[in-house]
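Hi everyone, thanks for making time this morning. I'd like to walk you through one structure, so please have a look at the screen.

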Amino acid sequence: MTVVLTGRSDIGLASFLRVAWEGEGVVVAPAALSEVARRRGQLLALIAAEPDRKRYGVNVHAGDGSHRLMTEAEQRDYERGLHSDTSFGEPLPRRVVRGMVLARLANFVDGHAGVSAELVELVAARLDGRPLPPVPRYGNGGPGEIQALGWLFSDVPAEIDLGVKEGMALINGSPCASALLADAVLSTERLLELAVGVFALASVAIAVPDATFDRRLEEVWGDPCDALALRSLRSLRSPGSPGSGASPGSPGGGEQELESPPQFTDDEHPQPAVSFRILPRVLGNGFRALGAARDAASIALSAVSDNPVFLFPSGPDDLGDLVSNGGFHNGAAPAGIDGLTFALADLGQLAQHQLQRLQTSQRALPGLDSLALGTMQMVAAGYAEEARAAVVPSLLPLPGFGQNDAPAPSFHAFNRVERVRGFVVGSLTCLAVMASQALARPGRSVPPALRPLFETVVSVCPPVIERRSLGPELGELASILGGGIPD
């Protein structure tokens, strides 16, 4: 399959999933290429009409040298590539790099970068499955993204002769931020789906009463995200058929009222522990953060972020303009990614609390061996603390220099959410095993919608009858539960 771009509005989360995650190629429609060529002609006419006017990306140096006009020889040197690939270290996942190439086309396909149709086709062709340059995830501390984009496109001048402004158009803007945010959204969707299932399994294991997730709470709480969490938990816990209610990530859906009493009761406490009662609220906040990040990603992927940007002529006597601007700074991306990071880290903390409640429940796990399953809470605690330590707000960084005095934090935010995601998978894996151990005891049953998850867990980590080393089993299970995300 191939994604066909007729304009930048075709670049969104759906096409990002197809191209970045599923490996589909991209072609630009002939009509769009004709429009690109027309806008290129308009840009060249604008530059020719005012040859002595200082224009960033055209005839002046970059950064602190932007007050100086370039000679013709210097302009030709710029057209041989800007060689900004000075970052180094561990590369980003291939899926993210493919997403950056796709997002780069948002500046190109409607003509706002003023590049040639040949360059647009060349960039789109990079998504045909060929190996892409390794783009470092660290060392990207500039105001925009010129280090990462320099790695991605430094070899372009060897394939095509670049014209005026085209070298700058390849490395300016904020396509990396758009791709990083979009990737974090897709990864979080999958982790939230896992979290809802694991928490529902734990709530059944410790026999949280159905009333804790009563449908009438949706109205009195008045929050659609909390309501989604309530519906999702009720659906998974229902003794009826799988899928009888709203699924995680779906805002609607019917629901069968097939309530069943807990399989045992806690005579000492009239209500579940706080970690189970607040579960819909914590999950609801996760859905809320995901929705906000999804909206921001949908806007960013198709937005024009070029600097300078070609603003089209408005009439026959208007040549348009080439305007320096802050499009290379995506303020929504780090904020959206941070929202996901904080919400995910909370899930790791909650998993640790619920695991401890299960471990100390003489009804859920009577006679638990403190040297086998009993050490599970230590593992979950380790992952939860790693997640906590990794959560740092992605504020505007302090380092900066001259014209480039305010770096962008999108890469920093993404690296943190990636780390936290892995830690949360670790905490959820421990909780899933503890809950499944309880439900595997004689006399317990698992709701149909949760049985696939339960069976996956016990197939890798069977009931502990006698002590054995659980670390390898937990590692294998974490790879399965946290999988589904391409490299």
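Let me start with a question: is Arg55 buried or exposed? Arg55 turns out to be buried, with a relative accessible area of 3%. Its side chain meets that of Glu50 in a salt bridge, at 2.5 Å from N to O. Glu50 itself is partly exposed, with a relative accessible area of 35%.

Before going further, please keep in mind that this is a predicted model. Now the overall picture. The protein has 487 residues, and 53% of them count as buried. There are 17 helices and four strands. Along its principal axes, the C-alpha trace spans about 85 × 40 × 40 Å. Taking the contacts with a separation of 6 or more, 76% are between residues 24 or more positions apart.

Back to charges. A search of the whole structure finds 29 salt bridges, and I'll pick out a few. Asp155 and Arg126 are one such pair, with their side chains meeting at 2.6 Å, N to O. Asp155 sits in the loop between H6 and H7, while Arg126 sits in the loop between H5 and H6, so this pair ties together parts that are 29 residues apart in sequence. Of these two, Arg126 is buried, with a relative accessible area of 3%, and Asp155 is partly exposed at 32%. There is also a network: salt bridges with shared partners join Glu90, Arg95, Arg137, Asp183, Glu418 and Arg421.

For a pair within one helix, look at Glu35 and Arg38, which form a salt bridge at 3.0 Å, N to O. They are three residues apart in helix H2, residues 30-49, so about one helical turn separates them. The general background is that an α-helix has 3.6 residues a turn, so residues three or four places apart point the same way. Glu35 is partly exposed, with a relative accessible area of 25%, and Arg38 is partly exposed as well, at 42%.

Now for an acid without a partner. Which side chain of opposite charge is nearest to Asp338? It is Arg416, 5.0 Å away. A salt bridge needs a nitrogen within 4 Å of a carboxyl oxygen, and Asp338, although buried, has none. Asp338 is in helix H13, residues 332-359. Beyond its neighbours within four places in sequence, Asp338 is in contact with Val392, Pro393, Ser394 and Ala413.

Let's move to helix H6, since we have already met the loops on either side of it. How many of the eight residues of H6 are buried? Six are, so H6 is largely enclosed by the rest of the structure. Those six are Gln147, Ala148, Leu149, Gly150, Leu152 and Phe153. The cover over them includes helix H4 (94-108), helix H5 (117-125), H7, H8 and helix H15 (410-439).

H6 also takes part in the largest pocket. Helix H6 (146-153) and helix H7 (166-171) each supply at least two residues of its lining. The volume of this pocket is about 760 Å³. Its lining has 34 residues, and Tyr56, Ala62, Gly63, Pro143 and Asn404 lie nearest the centre. By class, the lining divides into 14 nonpolar, 15 polar and five charged residues.

Finally, some backbone geometry for those of you who like to check torsions. Most residues other than glycine have a negative phi, and most peptide bonds are trans. Where are the exceptions here? Lys165, in the loop between H6 and H7, has a positive phi, near 75°. Lys165 is also buried, with a relative accessible area of 3%. Ala207 has a positive phi too, near 60°. Ala207 lies in the loop between helix H8 (175-205) and helix H9 (216-221), and it is buried, with a relative accessible area of 12%. As for the peptide bonds, the one from Asn307 to Pro308 is cis, with omega near -5°. Pro308 is in the loop between helix H12 (279-301) and strand E3 (309-311).

That's my tour, and I'm happy to go back to any part of it.

Notes:
Residues are numbered from 1 along each chain as its sequence is written. This is a predicted model: local features need pLDDT of at least 70, side-chain atom pairs count only at pLDDT 80 or more; totals for chains, interfaces and linings use all residues. Side-chain values use heavy atoms; hydrogens and water are left out. Buried means under 20% relative accessible area, exposed over 50%, partly exposed in between (1.4 Å probe, protein chains only). Lys and Arg count as positive and Asp and Glu as negative; His and the chain ends are not counted. Contact means heavy atoms within 4.5 Å. On a 1 Å grid over the protein atoms alone, a cavity is a set of points where a 1.4 Å probe fits but cannot get out, and a pocket is an open set with protein on both sides within 12 Å along at least five of seven lines; lining residues have an atom within 4 Å of a point. Grid points are joined across faces, edges and corners, and a volume is the space filled by probe spheres set on the points. Ala, Val, Leu, Ile, Met, Phe, Trp, Tyr, Cys and Pro count as nonpolar, Asp, Glu, Lys and Arg as charged, and the others, Gly among them, as polar.
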